[in-house]
Structure formats: C-alpha cells, structure tokens
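Colleague: I am new to reading models like this one. May I ask how you justify the words you use?

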Amino acid sequence: MHKKIFIIDDDDMFVRYIKEAFYEKSIDCTHIRSADEVVVNIATLNSTDCVLLDIMMPSGSSSVFDDAKPNIETGEVLYQIIRNAYPEKLVVILTNIDADKIDSNIMRDHHVKYLSKTNKFQDIVGSIIKFGG
Amino acid sequence: MKISNIDSIVFYRVNDKYVSMITQKESDKKSYPISIFSGKDIFNESDFIDFSFYEIIKGKKWRKFENNEFIILTPIVAPIAVMSRDLFLTRRKERWPIDILVHSENIIKSKKFDLLYNILIKITSRRNLNECVSLIAQQYYFDAYSFWKYNKLTSTFTCEVSSRDVNCQAGYICIINKPTNQLSEFINSGKCIDTRELSKDCHNYNYFSDMQTINRIKIPLGEAINDKGEVGVLNLFSKYSDFSLSDTEYETIVNIINLVLREEQKDEIALLQELENVFINKYSFGNLQEILFKIVVAVCDKIKFETCAIFLEDEKQEKLQLVALKDSQTNGKPNKNYQCYLRNDVSKTVNTWIKGMAHFSYDLKSTPSKLPVESTVSDEKNCLGLPIKSDDRSVGVLRVKNKINNNGNVVHFSPSDSRILEWVCSSIAHFYKIETRYKELDDKVKKTGADYHLLQDFIKAFTHEVRTPVSIFCTAPEMIKHRLNGYNIADNDKIFKYLTDIHVLGERLLYISKIYTIDQLWESYKCEKLSLQTKLIYPIYNLSKYYYLETKGIEFICNPNDFANVYIFGDINLLGIALNALIDNAAKYSQDVSRKYFILSRNKSHHNVVEIVISNYGFPIQKNERNLIFDKNYRGSLAKMRKISGSGIGLYLSKEIIVKHKGELILASAENPVSFVIRLPLAHEG
C-alpha cells in the first residue's frame with residue numbers, strides 16, 4: 001500500500017475530490033499545482049512511492065519548457081524531468097486524453113501506468129493501489 | 001425440273017440441314033426449293049435427299065465457299081481473258097448468287113449486298129490483307145490490284161499489297177515520300193472513289209501498263225482522314241475500259257478491308273498489352289526514372305529498334321535532357337555526360353520539342369531491293385522523333401533509330417510502328433503529369449502536415465477541457481451520496497457547494513462544447529424577448545462568482561440590479577455564450593495581477609440600446625493588436641508570452657454572436673482597465 005503520493009495536476013477541483021478518496025484509504029497526498037513547482041520540488045519526490053501526473057499541464061516559466069508546446073507538451077517535459085531524477089519511480093499518467101495521444105516513448109516505459117480521469121475516483125484509487133503491489 | 005442460267009448455288013443452313021433454292025431466269029419469279037442435304041460432304045451422293053439435284057452438280061468442277069450459315073458453289077469457268085467482252089459484262093451483271101435469292105419469295109429476305117457482305121465477311125475475316133484484297137479483286141472481276149497506306153505522321157505512302165509489284169510480293173514495302181503524287185492528289189481531292197482511264201493518267205504504272213481502267217477507293221483506317229490516323233488507298237485495275245464499281249460495292253469493300261485490318265491489328269494490340277505489362281502496370285509515384293529505363297529497353301526489344309532515347313525538359317523548361325537511353329552500349333540509364341539541348345539549338349530533336357510535331361527522316365539506302373520509281377530518299381538517318389505532350393504542351397521527345405527486321409536488316413517504319421510509338425509517348429506524358437502533380441501535392445501535404453499537427457494539438461486540448469469537468473460532473477453525485485450517509489441533512493454547506501459545483505461545471509461543459517460547433521448554434525437560433533437581468537446576468541453572476549473566487553481567488557464584481565427592467569431580443573443560449581466568453585476572459589487575465597477582480601456593469605446612457613461593460617485590470621492590449629483581437633484564432637502576444645491558455649476563439653465568437661443580434665462588441669479601453677462593451681438594441685415594453 002502506498003503511503004505517500006504526489007499529485008501533479010493544475011485542476012484543484014479534481015485533486016480535491018481524489019484526495020478525499022485517497023484519505024479514505026489512508027494514503028497521504030501532496031498536491032503540486034504547476035510545472036514550476038515540480039522543477040523546484042523535484043528533490044522532494046524522493047520520498048514518494050508514486051507520482052500521479054496529468055500529462056496536460058500549463059507551461060512553466062523555467063527555460064526547460066521553452067521548446068515545448070504550451071499545455072500540449074508540458075506534461076511530457078515534466079515526465080522527463082521526473083524520469084531523469086528517478087529512473088524507476090512509478091509514474092501514473094492520470095489524464096483525460098486517450099492513451100494513444102500520449103508520446104509512445106512514455107507509454108512504453110515499464111514504470112509508467114495510465115489511468116483515465118473519467119473513471120470513478122474509487123476505481124482510480126483502487127488501481128493505483130494495485131500498481132503499487 | 002429445268003435449271004438453266006444458273007451461275008452459283010447457295011445452300012442456306014436450316015438447323016442441321018442445308019437447303020438450296022434456285023430460280024429459273026429472271027423473268028420467272030417462282031422459286032423452287034431444290035434440294036436438301038444433311039451431310040458434311042456436299043459431293044457425297046448419299047448425303048443428298050434429292051438426287052435430281054445431285055445429278056446436276058456432279059461431274060462439274062465447283063469452287064466452294066463454306067461457313068456455318070452458307071455453302072456457295074460457284075462453277076469453275078474458263079479464265080476471263082478468253083471470254084468475250086459482251087459475255088463478260090453480262091456475267092458481271094448476273095454474277096451474284098444472291099440475285100437468285102433476292103428474286104425468291106421465300107425465307108431469305110436480305111438485300112443483295114447485305115447478304116453478300118455477310119458472306120464475304122465470314123469468308124475474308126479469317127484471311128490476311130493480301131488474301132482479302134485478292135479475293136475482293138476476284139469477286140469484282142478485276143485483273144490486278146494494289147493497296148497503299150498513307151501515314152500522316154511520316155507523310156509517306158507504303159504499298160502493302162500488290163498483285164504485280166515484285167518488291168511487295170517479295171515482302172518489301174515500297175515507299176512514296178513525294179509531296180505531290182497521284183495518291184496524295186486523290187487523298188486531298190475529297191473524293192471517296194475515283195475511276196479513270198489509265199491511258200489518260202499522267203502517271204506510268206510500270207507494273208500495270210496493260211490495264212485500261214483504275215478504280216481508286218479511299219479507305220479511312222480507324223480514325224477520320226482529316227485527323228491523325230491512316231488512310232488506305234485500294235487500286236483495282238481492269239483490262240477493260242469503263243469498268244467501274246457502284247456505290248454499294250464500294251461500301252462493302254471498305255467494310256471488309258476494315259474488318260480484316262482489325263484482325264491484323266490484334267497483333268498490334270497484343271504488342272501494346274505486352275508493353276503495358278512492362279511499364280504501365282509498374283509505375284508508381286517516385287519511380288518515373290526507373291520506368292523510363294524500362295520503356296527504352298522495351299521499345300528496342302519488342303518493337304525492334306536499334307536505339308531508343310527519351311528526352312525530358314527540366315523544371316525551368318529551358319533545357320532538354322537525356323533521361324533514358326537504350327543502344328548497343330547503354331541499357332536504360334545514360335552513363336555518359338550527354339549535353340542537354342537548349343531551346344535555340346539547331347536540331348531536329350529541339351524542333352520536335354518546341355513545335356510539338358514529329359520529325360521524320362529516312363535512309364532508304366539500307367534496303368536490299370531495287371526501289372520503285374516512286375520512292376525517294378529524304379534524310380540521312382532512319383530516325384523518328386515524336387513529341388511527348390502533356391496538356392497540349394511538348395515536354396520532351398522520344399527518338400528511335402533504325403527499325404530492324406528478324407534478319408537483322410534495317411527496314412522501313414510501318415504505320416503500326418508509329419502508332420505504337422505515339423501510344424508510348426502518350427504513356428510517358430501521362431506519367432510525367434502524374435509525377436509533376438504528385439510533387440506539388442507532396443509539398444502541400446508537407447505544409448498540411450503542419451496544420452494537421454496543429455489540429456491534433458487542438459483536439460488534445462479540447463478533449464482535455466471537456467472531459468475534466470465531465471469526470472467531476474459524473475462523480476460528484478456519488479460523493480454527495482457518500483457524504484449524505486454520514487451527515488445530517490441539515491448540514492447544507494458542503495452539499496450546497498457540491499451542487500453549485502455541478503451546476504457551474506455543467507454550464508462550463510455546455511459552453512465549451514458549444515463554442516466549437518458554431519454552425520449548429522446558428523441553425524438552432526431562436527429569437528425571443530429576454531429580460532437581461534433574470535435570463536442572463538443573474539445566472540452567470542450567481543454561479544460564476546463562487547467558482548472564480550474559490551478556484552482562482554478572483555472576485556467577480558457586479559450589481560445585477562443595474563440591469564433591472566431591461567429587455568432585449570435574442571437567443572438565450574447564444575447571448576449566454578457571448579457573455580460567458582467575455583467574463584471568462586476577464587477572469588483569466590485577472591489571475592496574475594495585483595487587482596484580482598473584474599467588473600460587469602452597465603452604462604446608463606442610450607435610449608434605444610443597452611451597454612454592458614466587462615472590465616479587468618490585467619495586462620494591456622498592445623496598440624498594434626487592437627484591430628486583430630476579434631480575428632478568429634488570434635492570440636495576443638502578451639497572452640502567449642505569459643502562457644495564458646486559450647484558443648483565440650472567445651472574442652471572435654462573442655463578436656459573431658453580438659453582430660447576429662444586431663449589436664456591437666467593441667474594445668472601449670485597452671488598459672487600466674481593459675474594457676469591452678456590448679451594445680444591444682432594446683426591446684421596449686409593449
């Protein structure tokens with residue numbers, strides 16, 4: 001069972017709901033709202049068991065996002081930042097877009113899972129718990 | 001039963017039997033079915049049912065023509081030469097066996113020449129041109145014949161058949177390439193048939209000097225004479241003067257020869273199909289070069305030329321480049337640095353390219369036979385250059401040299417050769433056109449590819465925006481139920497919040513989905529009298545104020561009472577979308593600024609219009625962009641720089657909607673605050 005989860009998502013309302021679902025399972029969640037926060041707090045991800053990442057995120061002001069299309073590719077850049085820092089960290093792409101719209105290189109990573117936000121929160125939480133073994 | 005003055009006997013097939021009918025003389029109109037035989041051998045006595053007829057035919061020599069419908073027996077008589085002229089002319093009038101049948105009152109109703117035509121068609125269709133012309137000459141009692149073809153492409157006459165020309169009989173074709181000669185005059189005369197006394201003809205026919213009359217028949221071969229294509233000229237010679245064909249006879253002859261030539265053209269068709277398999281079926285975009293190599297090799301191998309070259313113009317249409325070559329040293333790809341032809345080069349190939357006309361040159365010195373008097377030599381080399389035309393413009397040249405026969409001798413081009421080469425040129429032009437079009441399309445696709453990715457990005461963003469609220473919209477009720485299980489129903493705060501969220505998000509979902517289907521919006525346009533305060537201002541203000549405050553920390557300032565007793569005409573959904581878009585924009589651009597609020601207010605001024613003002617204190621709109629902000633998909637540079645999300649559709653859409661309602665949307669102030677004003681005509685009470 002995961003003890004600590006980082007949720008990287010700009011949608012506060014969604015995070016508010018899913019946090020409640022995690023709390024019911026005694027899982028602690030830390031919410032990171034923006035791409036810049038990820039860059040700043042990348043070291044703190046070390047203590048987490050799993051990262052939930054929305055692949056569609058508003059762009060950040062850091063220069064690492066300069067070449068990425070705003071909103072469209074920001075999440076992919078964030079993934080790379082996380083992966084470069086933590087090669088084996090479990091990253092769950094929790095998003096509204098279809099899996100085939102996501103960069104196939106990300107989806108092929110053994111330490112990446114995909115979940116759709118349109119699922120019920122309880123189902124999302126249940127799946128994440130299963131991913132963690 | 002007496003039978004007299006019988007020329008030929010026709011047996012007409014009825015099921016598996018043959019019935020013969022003959023009449024007496026022309027004055028005797030009665031017909032008598034004479035005999036029936038059912039065997040295979042007409043001369044076998046046991047096959048005849050009526051032996052009296054058999055008595056007539058046995059013992060004589062007959063010439064038999066046979067097919068599935070008729071058997072014609074024609075008595076073999078003495079040669080024409082020993083016949084008296086009067087008898088001959090008499091016989092000529094009565095020569096057709098069908099005359100007998102025409103006079104009969106029985107089952108065969110066909111007219112004379114139709115039936116003859118059918119008979120001769122079936123007889124001659126199995127024979128080649130030489131035999132066909134020979135047969136025709138016999139049937140019409142002519143003494144000698146020749147058949148010429150005129151090739152308009154090369155401006156030459158070739159003699160293909162001749163009863164007396166030694167060269168033709170030996171298999172060599174004679175050529176006439178004079179600008180004026182008897183044949184040219186006849187072709188250009190407009191006549192289809194011409195009969196004249198040979199003694200009056202100014203031209204000496206070496207091989208036909210004993211003839212008195214010549215009947216010339218013009219035979220269009222395939223296409224019309226005045227267009228491209230071939231024309232045939234059949235010369236029928238008679239020892240007798242004033243010996244001419246009738247119109248119907250001429251028609252029959254033309255049809256028969258065309259039928260036979262159609263049979264001969266089957267070889268040509270078979271060759272075309274072979275060539276088709278070599279390269280037509282193998283072409284695909286991008287492999288034109290490879291196909292051109294195959295073409296030159298195939299032209300040499302299958303049409304039997306010594307050399308074949310293809311020239312195509314460059315992109316600037318300034319040069320003619322050698323792109324494919326087959327000769328003794330090259331097998332498709334030119335391996336030498338051949339120089340290009342330029343437009344002002346003096347060359348027949350360039351001439352062909354620029355003028356789009358075939359050039360033809362001939363060297364008859366290679367022919368082993370003695371040339372007839374009519375033949376001439378034109379140019380030195382046995383070359384033929386044909387233009388490759390695409391959209392009526394010459395884009396290249398196909399050049400061949402030295403047609404070779406099976407014995408390895410250089411022989412003359414036949415009309416069939418030039419026809420096939422024209423077809424090859426047409427195919428090359430077709431490929432060239434496809435290749436050019438594909439290159440243009442390829443460039444466009446590359447550009448479109450970029451636009452396609454843009455569309456894909458838009459779809460990704462749109463999907464994300466739509467599904468985010470949907471997921472909460474779907475799950476929130478579950479959360480409500482879950483909450484209600486553990487809470488007293490009187491605890492209204494959280495329940496109210498969830499319900500408010502659902503409502504607001506539902507509105508957002510509706511708004512987002514609608515702005516991307518604007519055409520459907522116009523179709524469902526419904527105009528009604530609306531209270532501005534209760535139908536538009538209150539719903540938007542009451543729901544959005546909490547949303548913006550809670551989610552973005554932005555205050556939505558508005559006094560709905562300012563809009564009391566104001567009525568307009570319009571579609572409630574469209575106006576809601578327009579207002580929402582402007583409010584959403586105002587909120588969006590109020591996020592990262594010091595004054596985190598925006599204002600919805602009313603200018604109280606005009607009698608006939610209402611002015612709704614939406615203001616925010618976000619970053620200003622640049623001067624050079626103030627005329628552009630209402631353009632579709634336009635996004636301000638500062639917005640892009642600050643990475644504020646948006647698609648550039650909001651303002652455009654709002655303006656479209658307001659204009660449709662006979663109103664205006666203007667940028668009243670570009671900074672401090674940024675203010676947009678909606679002007680709508682009032683609907684007065686009563």
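Colleague: What makes you call B:Glu313 buried?

Modeller: This is a predicted model, and the values are computed from it. B:Glu313 has a relative accessible area of 5%. Buried means under 20%, so B:Glu313 counts as buried.

Colleague: How do you know that B:Glu313 forms a salt bridge with B:Arg393?

Modeller: The closest N and O atoms of B:Glu313 and B:Arg393 are 2.7 Å apart. The cut-off is 4 Å, so the pair qualifies. B:Glu313 is in strand E12 and B:Arg393 is in strand E18 of chain B, so the pair ties together parts 80 residues apart in sequence.

Colleague: Is B:Arg393 called buried or partly exposed, and why?

Modeller: Partly exposed. B:Arg393 has 31% relative accessibility. The partly exposed class runs between 20% and 50%, so B:Arg393 belongs there.

Colleague: How many salt bridges are there over all chains?

Modeller: A search of the whole structure finds nine. One of them joins A:Arg33 and A:Asp12, with the closest N and O atoms 3.2 Å apart. That pair links distant parts of chain A, 21 residues apart. A:Arg33 sits in the loop between strand E2 and helix H2, and A:Asp12 sits in helix H1.

Colleague: Why are A:Arg33 and A:Asp12 called partly exposed?

Modeller: A:Arg33 has 43% relative accessibility. A:Asp12 has 29%. Both values fall between 20% and 50%, so both residues are partly exposed.

Colleague: What makes A:Arg83 and A:Asp109 a salt bridge?

Modeller: Their closest N and O atoms are 2.8 Å apart. That is within 4 Å, so the pair counts. A:Arg83 is in helix H3, while A:Asp109 is in the loop between helix H4 and strand E5 of chain A. The two are 26 residues apart.

Colleague: Are A:Arg83 and A:Asp109 buried or exposed?

Modeller: Buried. A:Arg83 has a relative accessible area of 10%, and A:Asp109 has 17%. Both are under 20%, so the word applies to each.

Colleague: Which residues are linked in a network of salt bridges?

Modeller: A:Asp9, A:Asp54 and A:Lys117.

Colleague: Now cysteines. How do you know that B:Cys300 is in no disulfide?

Modeller: The structure holds zero disulfides over all chains. For B:Cys300, the nearest cysteine sulfur is that of B:Cys308, 5.2 Å away. A disulfide needs the sulfur atoms within 2.5 Å, so this pair fails the test.

Colleague: Why is B:Cys300 called buried?

Modeller: B:Cys300 has a relative accessible area of 6%, which is under 20%, so it is buried. B:Cys558 is buried too, at 11%.

Colleague: Which residues make the nonpolar surface patch of about 360 Å²?

Modeller: B:Phe285, B:Tyr438, B:Leu441 and B:Val445 make it. B:Tyr438 lies in helix H11 of chain B. Patch residues need over 30% relative accessible area, and B:Tyr438 has 38%, so B:Tyr438 meets that cut-off.

Colleague: Where does helix H14 of chain B bend?

Modeller: At B:Tyr538, by about 35 degrees. A proline, B:Pro539, follows within four residues. Buried residues of H14(B) include B:Leu536, B:Ile537, B:Ile540 and B:Tyr541.

Colleague: What follows H14(B)?

Modeller: B:Gly553 does, and its phi is positive, near 70 degrees.

Key. Residues are numbered from 1 along each chain as its sequence is written. Chains are lettered from A and ligands numbered from 1 in the order in which they are written. This is a predicted model: local features need pLDDT of at least 70, side-chain atom pairs count only at pLDDT 80 or more; totals for chains, interfaces and linings use all residues. Side-chain values use heavy atoms; hydrogens and water are left out. The bend at a residue is the angle between axes fitted to the seven residues ending there and the seven starting there. Buried means under 20% relative accessible area, exposed over 50%, partly exposed in between (1.4 Å probe, protein chains only). Patches are made of residues with over 30% relative accessible area and no salt bridge: like charges are joined within 9 Å, nonpolar side chains (Val, Leu, Ile, Met, Phe, Trp, Tyr) within 5 Å. Accessible areas come from the Shrake-Rupley method with a 1.4 Å probe; for residues, only the protein chains shown count as cover. A salt bridge is a side-chain nitrogen of Lys or Arg within 4 Å of a carboxyl oxygen of Asp or Glu.
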